[in-house]
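Please open the model in your viewer and set the display to a plain backbone trace, with selection by residue number ready to hand. The stops below are meant to be taken in order, each one beginning with something to select.

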Amino acid sequence: MPSLQPTLVVAGARAVDGDPVDIVIAGETIAAIVPAGEAPADCDRIDAAGRLATPSFVEGHIHLDKTLLGLPFIPHIPGDTVALRIQAEKELRRTVALPVEERGGRLIEQITAFGTGSLRSHVDIDTEVGLKGLHSVLRLKERYWDLVDIQIVAFPQSGIMVDPGVADLLDAAIREGADLVGGLDPAGIDQDVTGHLDAIFAVAVKHGVGVDIHLHDSGPLGAFELRQIAARTRALGLEGKVAVSHAFALGQIDDFEFFRTAEALAGAKIAIMTNGPGPVAMPPVKRLQAAGVTVFAGSDNIRDAWSPYGDGDLLRRAQIIGYRQEFLADPDLAHAFAMVTDIPAAVLGVAHYGLAPGNRADIVLLDATSLPEAVASAPRGRTVLKRGRLVALEGTLSPRD
Ligand SMILES: [Zn+2]
């Protein structure tokens, strides 16, 4: 049983409703949230100085194995299609000497200092890299267990039907520690929607794991694939365990297509991940929400072969999504905040999440007076706690044991 003896007090924080509070922590757990000044005085304290206390951010989609952080800046290799990007990445990957453990480790340290406490990382699985990337990320998961909880998706970045052997590798990846099975453009890359979905859903059912599919395929074709994914999800009883990342098609189709696709997604409890990308169409967040479809956020590519941009700051990600969706009113800005906190926490199944007694003491202190202001200003210099321990003080990572 965890001790209920207070070990740390975050004193004088601002709750999201504006009330000044003390957060009393016992070990890894929030023991109580009391009016400011009422916490016990005889334990360690962090002076929040009126800053806003929120739960840690939850990264819904990242690629710890892809990032080139730690290397000198590498110019982007041109190529606009998914197939060209896959090819460019493979060529680059063969030349990069710095191991995933180093690059991914840098990314973890960077994002945890921003306030990320849990994440879902996709990891490339193909016949060239095999399970090496998975093994590297499993080592990162172990090495950084005290900073971040890591969930791993076995991701067939080079396709399945066009890269024979990948289906077996996905199966092996789950046996060796991946938490979910991924997928990629069943039509656009594999040219075989049925074959691709058969392969990944077979792995999901066999191992009782969830699914998270990258879907870039556009327009009515992409919408058709979304409905196919929804139909399988329902037929196999996997409601609530399936996500589709990107799903650009949802922003490219007419009302008839949109509503029948959204209805299928809602019925199958399929969540959509968006990173609020550049000129491509984006799933319409509020329209989907109104149709009963959950939309959560992620950073996706950070300084890698797919994108020279990104730093993994989820507050800035919420801001980008807000910009692109024209979120201007306070409730909409607060919703953008939920897209990097409560919503992905529910999608990922993060246990004991949220600022309430009994939950894990995964806390971020932000120099803002409200959630809408936090999204609008994305203040730096954050103080971060994970499992009741100080991870970063005003933006600087604390030394680890
Ligand atoms: Zn991705």
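What follows is a walk through a predicted model, from its domains to its core, its helices and a few single residues.

**The two domains**

Begin by colouring the chain by domain: the assignment gives domain 1 as residues 8-56 together with 352-397, and domain 2 as residues 57-348. The C-alpha centres of domain 1 and domain 2 are 30 Å apart, and the contact draws 21 residues from domain 1 and 24 residues from domain 2. On the side of domain 1 that touches domain 2, select β5 (52-55), α12 (371-377), β15 (383-386) and β16 (389-393), each of which supplies at least two residues. Helix α12 gives the largest share of that side, with 5 residues. Sorted by class, the side of domain 1 that touches domain 2 holds 13 nonpolar, 3 polar and 5 charged residues.

**The nonpolar core**

Next, select I23, A154, L170, L226 and A318, which touch the most other members of the largest nonpolar core, a set of 116 residues. Because both domain 1 (8-56 + 352-397) and domain 2 (57-348) give residues to this core, it lies between them. In soluble globular proteins, nonpolar side chains tend to be buried together. To see the surroundings of one of these residues, centre the view on L170, which touches I125, A154, P156, V181, I200 and V203 when residues up to four places away in sequence are not counted.

**Helix α1**

Move to helix α1, residues 82-93, where the length can be checked by hand: at 1.5 Å a residue its 12 residues should span 16 Å, and the end C-alpha atoms are indeed 16 Å apart, which agrees. Which residues of α1 are buried? They are R85, I86 and E89, and since they cover an arc of only 100 degrees around the axis, they sit on the same side of α1. Turn the helix over, and the face of α1 directed away from its buried side shows the exposed residues L84 and E91.

**Helix α7 and what covers it**

Helix α7, residues 255-267, allows the same check, since its 13 residues should span 18 Å at 1.5 Å a residue and its end C-alpha atoms are 18 Å apart, in agreement. Select F258, T261, A262, A264 and L265, the buried residues of α7; the arc they cover around the axis is only 160 degrees, which puts them on the same side of α7. The cover over these buried residues includes α6 (219-235) and α8, whereas D255 and F256, on the other side of α7, are exposed. Just after α7, pause at K269, which takes a positive phi of about 50 degrees.

**From α8 to α10**

Now select K286 in helix α8, residues 285-290. Because it has 13 C-beta neighbours inside 10 Å, K286 counts as partly exposed. Add H335 to the selection: the C-alpha atoms of K286 and H335 are separated by 9.4 Å, although these positions lie 49 residues apart along the chain as a separation in sequence. H335 leads to helix α10, residues 330-338, in which L333, H335, A336 and F337 are buried. The buried residues of α10 pack against α9 and α12.

**Two loops with a positive phi**

Most residues other than glycine have a negative phi, and most peptide bonds are trans. With that in mind, select R303, in the loop between β13 (295-297) and α9 (314-324), where phi is near 50 degrees, a positive value in a residue other than glycine. R303 has 23 C-beta neighbours inside 10 Å and therefore counts as buried. Then go to A378, in the loop between α12 and β15, which also is not a glycine and has a positive phi of about 40 degrees. A378 is partly exposed, with 19 other C-beta atoms within 10 Å.

**Last stop: K66**

Finally, select K66, in the loop between β6 (57-62) and α1. Is K66 buried or exposed? With 28 C-beta neighbours inside 10 Å, K66 counts as buried. Leaving aside neighbours within four places in sequence, K66 is in contact with N301, D304 and A305. To end the tour, draw a distance from K66 to P277, 211 residues apart along the chain, and find their C-alpha atoms separated by 18 Å.

Notes. Residues are numbered from 1 along each chain as its sequence is written. This is a predicted model: local features need pLDDT of at least 70, side-chain atom pairs count only at pLDDT 80 or more; totals for chains, interfaces and linings use all residues. Domain bounds come from an automatic or database domain assignment. Two residues are in contact if their C-beta atoms, placed from the backbone, lie within 7 Å. Helices (H or I, at least four residues) and strands (E, at least two) are DSSP runs, numbered from the N terminus. Ala, Val, Leu, Ile, Met, Phe, Trp, Tyr, Cys and Pro count as nonpolar, Asp, Glu, Lys and Arg as charged, and the others, Gly among them, as polar. The expected span of a helix is 1.5 Å times one less than its number of residues. A residue is buried if 20 or more other C-beta atoms lie within 10 Å of its own, exposed if 12 or fewer, and partly exposed in between; C-beta atoms are placed from the backbone. The arc is that of the directions from the helix axis to the C-beta atoms. A nonpolar core is a set of buried Ala, Val, Leu, Ile, Met, Phe, Trp, Tyr and Cys residues joined through C-beta atoms within 7 Å.
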